[in-house]
Amino acid sequence: MPLSLSFLKQYLLRSEATEGGAATFQHEAAKHLTSLYNFALGLAKNEEDAADLVQETYLRALRFQHRFQRGTNLRAWLFKILRHAFIDNYWRRSREPVLEDAEPERGSATLAEVEGVRGEEAGPLNRLVRADLTEALEQLPDPFRAAILLSDVEGLSVEEIADIMDCPKNTVKTRLFRGRQLLRKLLREYGN
């Protein structure tokens with residue numbers, strides 16, 4: 001069971017009482033909690049797994065904060081850790097036997113369902129558009145979806161995305177181009 005994200009944020013911000021470097025690192029890391037959660041939600045496609053990914057990201061970041069180079073982009077470093085945690089979890093789950101639940105699963109979360117995370121107030125039409133966009137994003141292959149979420153939702157540069165995804169800048173550009181083409185096609189088909 002994951003810790004609540006609000007508890008995690010309180011823990012990170014509470015570090016003001018600890019010694020200088022750790023307190024500053026934790027305080028700076030806490031600023032990116034919402035962005036990391038939104039990216040994790042786009043990758044994991046459900047709230048519980050997204051919260052687990054964010055928790056794992058912060059645990060790894062705190063454990064390896066000595067490896068973080070001061071003056072570099074902390075946000076990109078955290079996104080990279082989250083992406084690696086997602087890949088690790090994916091491979092771990094693919095090797096586990098499939099167990100059936102007694103209760104049917106609830107559908108995956110949409111962006112409209114996590115509006116409280118972003119604090120946005122959207123009208124009914126905007127919610128429908130968000131649901132359609134979320135459904136189309138979920139149909140994209142993982143590398144395309146991750147590149148689009150990092151670029152178009154989180155506003156990261158191609159260089160930052162290349163660092164996070166451990167690939168060349170041209171690969172990121174190609175994934176963005178092809179992902180956006182697929183997204184347009186999916187949304188066009190939906191409109192017909």
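**Aromatic pairs and a helix**

Two aromatic pairs turn up in this predicted model, where rings of Phe, Tyr and Trp (its six-membered ring) pair if their centres lie within 6.5 Å, and planes under 30 degrees apart count as stacked, over 60 as edge-to-face and the rest as tilted. In one pair, the ring centres of Phe39 and Phe79 lie 5.4 Å apart with the planes at 70 degrees, so this pair is edge-to-face. It links distant parts of the chain, with Phe39 in helix α3 (residues 33–44) and Phe79 in helix α5 (residues 74–95), 40 residues apart. Helices here are DSSP runs (H or I, at least four residues), numbered from the N terminus.

Phe39 is buried at a relative accessible area of 1%, and Phe79 is buried at 0%; buried means under 20% relative accessible area, with a 1.4 Å probe and protein chains only. Turn next to Phe68 and Trp77: their ring centres are 5.2 Å apart and their planes stand at 50 degrees, so the pair is tilted. Phe68 and Trp77 are both buried as well.

Now for helix α8. Why does its length agree with expectation? The expected span is 1.5 Å times one less than the number of residues, so the 12 residues of α8 (residues 142–153) should cover 16 Å, and the end C-alpha atoms are 15 Å apart. Its buried residues are Phe144, Arg145, Ala146, Ala147, Ile148, Leu149, Leu150 and Ser151. After α8 comes Gly155, with a positive phi near 75 degrees.

Residues are numbered from 1 along each chain as its sequence is written, and side-chain values use heavy atoms, leaving out hydrogens and water. Because the model is predicted, local features need pLDDT of at least 70 and side-chain atom pairs count only at pLDDT 80 or more, while totals for chains, interfaces and linings use all residues.

Conventions:
Helix = DSSP H or I, 4+ residues; strand = E, 2+ residues; numbered from the N terminus. Buried < 20%, exposed > 50% of the residue type's maximum accessible area, 1.4 Å probe, protein only.
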